Amino acid sequence: MFEVRLITREEIADFIRIHSMVYGRHPSETYFRQANERFDEQRDIGAFDGDTLIASSVIHDLRLTLPGGATERLGGITNVAVQPTHRRRGVLTGLMRDHMTRLHKDGIDFAILWASESLIYNRFGYGLGTWVERWRIEKPYVAMHPAREGEAPSNGTIEYVDADTARAECPDVMARAMAGRPGFFPRTRAQWETFHEDDPATRDGASAFFHIVYRVDGRIEGTATYRVANHWPERIMANEIRVRELMATTDEAARALWSFIFSIDLSAEISADLRPLDDPLPWMLRDPRRLRRVVQDGSWLRLVDVRSALERRAYTATDSIVLDVRDAFCEWNAGRVRLDVSPEGARCTPTTDAPDLTVEAWALASVYLGGTRPSTIAHARGGEEHTPGAVARADAIFATDRAPWTPVFF
Ligand SMILES: CC(C)(COP(=O)(O)OP(=O)(O)OC[C@H]1O[C@@H](n2cnc3c(N)ncnc32)[C@H](O)[C@@H]1OP(=O)(O)O)[C@@H](O)C(=O)NCCC(=O)NCCS
């Protein structure tokens, strides 16, 4: 038996050691200090075998952008780790139950996490909410098309800034660049601190961050943060520029930042990660095949309260559909609901009417932000269509005009 509860400040060191150990690391001094500093900003939840801490997890208090642009409270789950001596005894399951109960009690309808392995969280009702792309391109193939017709010629300038300037400017630029984008949540203050502190233990053999900004008439319209991994086999330059984050408030800013990065001398290839599926960059390249694109699962979303969550997002379709929701992990969600949607708003109410569709809570989470169509999930893993055409109607109901994007990894 084990107990799940909030940890105390005195227990932080053990907490940090556990999740560092399961990830195969010894925690750095910086990491210990950061964990102490951010203790009051987050909920650190442990599992205990008697007095011994055997598992860690953290819930960050975040705000998620929903389709339509509204933002709602979000539990950001991270640092999930079970000590190897106690694995496969239900400890993770206990943590997951604790998270769901806590969030539900607090009226928080959404939880998001990045999964270390993509086969862990589906069983707890998480669905694959956003996809991301990892990119790699070799320097000889980075030529870009000229700016699109009608696009004003760039009068902006690129400049390097120090970490303090980046610390001050990046949050605002990210907020403007990501306004209205489903799936986005900004970093907390402490997460920005951790990002800019750039712990050497997280650099994976590359340099510390370089920060550039794109400025137009004095206003910053884009920022990029990158590292350089230096390789000189047989004195031949084979350096890689690793773009950690690039945020642009306009297409012009995006083009200017990418073309600057592509022009940097002493680089053989450029890579980036956590890019959205609808990023315009591949279309700016003259030879788009040369951009190696790997699509992977991004953030995993859990609808803690399905009915409330369905009412909070915006819809462009007008329809009324009865869903028989299955949710073995959060039983308060199970049952039939009628979802009425229109551009004016949505209502989701319990009903005894015959269902049009039977859906699992994880499947609703997977389609909620618009990253996957209900019909794709129906083709892959079923879901019962009781009324002919109901899956196609669900496609129209859950469609969004932009791909969801979660660029913040934690
Ligand atoms: C992943 C981890 C948290 C699982 O903890 P745990 O306490 O062993 O999990 P549970 O005993 O509650 O397992 C619940 C179910 O999930 C399955 N499961 C758990 N981890 C799994 C994994 N990595 N791969 C496949 N299945 C897994 C279990 O087999 C079990 O299935 P069952 O209900 O059919 O028997 C733990 O192994 C760990 O700390 N791993 C390293 C760190 C990590 O990956 N953390 C996740 C961060 S996002």
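## A loop between two strands

Let's start with Glu234, which sits in the loop between β10 and β11. Keep in mind as you look around that this is a predicted model. Is Glu234 buried or exposed? It counts as exposed, because just 5 C-beta neighbours lie inside 10 Å of Glu234. Its backbone is worth a look too: Glu234 isn't a glycine, yet its phi is positive, at about 50 degrees. As a rule, most residues other than glycine have a negative phi.

Pro233 belongs to the loop that links β10 (219-229) with β11 (240-248). Pro233 has 7 C-beta neighbours inside 10 Å, so it counts as exposed as well. Now pick out Ala361, which is 128 residues away from Pro233 along the chain. The C-alpha atoms of these two residues are 51 Å apart.

## Another positive phi

Leu274 also has a positive phi without being a glycine, with a value near 60 degrees. Where does Leu274 lie? You'll find it in strand β12, which covers residues 269-275. Leu274 counts as buried, because 22 C-beta neighbours lie inside 10 Å and the cut-off for buried is 20 or more.

## The seven-stranded sheet

Next up is an open sheet of seven strands. Follow it across and the order reads β1-β2-β3-β4-β5-β14-β6, with mixed pairing. Which strands stand at the edges? They are β1 (3-6) and β6 (127-128), and each has a single partner strand, so one side of each has no neighbour in the sheet. Helix α3 packs on this sheet, where it touches β1, β2 (42-49), β3 (52-65), β4 and β5 (110-114). The direction of α3 makes about 160 degrees with that of β4.

Over at the β6 edge, β6 and β14 (residues 299-303) run antiparallel and are joined by two bridges. In one of the pairings between these strands, Gly127 has Leu301 of β14 as its bridge partner. Strands of a sheet pair through backbone hydrogen bonds, in either a parallel or an antiparallel way. Helix α9, made of residues 361-368, lies across β6 and β14 and runs at about 125 degrees to β14.

## Ala115 and its contacts

Ala115 is placed in the loop between β5 and β6. With 17 C-beta neighbours inside 10 Å, Ala115 counts as partly exposed. Which residues is Ala115 in contact with, leaving aside its neighbours within four places in sequence? They are Ile120, Tyr121, Asp297 and Trp300. Ser299 makes a good partner to compare in sequence and in space: Ala115 and Ser299 are 184 residues apart along the sequence, but 7.5 Å apart from C-alpha to C-alpha.

## Around the ligand

There's a ligand here as well, with 18 residues around it. Those that come nearest are Arg87, Val91, Leu92, Thr93 and Ser116. Two elements, β4 (71-82) and α3 (91-105), each give two or more residues to the shell around the ligand. You've already met both, as α3 is the helix that packs on the sheet and touches β4.

What is the shell made of, by class? It has ten nonpolar, five charged and three polar residues.

## Stepping back to the domains

Finally, zoom out to the whole protein chain, which is divided into domain 1 (3-108), domain 2 (132-296) and domain 3 (313-398). The centres of domain 2 and domain 3, taken over C-alpha atoms, are separated by 37 Å.

Methods. Residues numbered from 1 in each chain as written. Predicted model: local features only at pLDDT ≥ 70, side-chain atom pairs only at ≥ 80, totals over all residues. Helix = DSSP H or I, 4+ residues; strand = E, 2+ residues; numbered from the N terminus. Buried ≥ 20, exposed ≤ 12 C-beta atoms within 10 Å, placed from the backbone. Near = placed C-beta within 6 Å. Nonpolar A, V, L, I, M, F, W, Y, C, P; charged D, E, K, R; others polar. Pairing = 2+ DSSP bridges. Contact = placed C-beta atoms within 7 Å. Axes fitted to C-alpha atoms, helices over the stretch in contact; angles between N-to-C directions. Domains from an automatic or database assignment.
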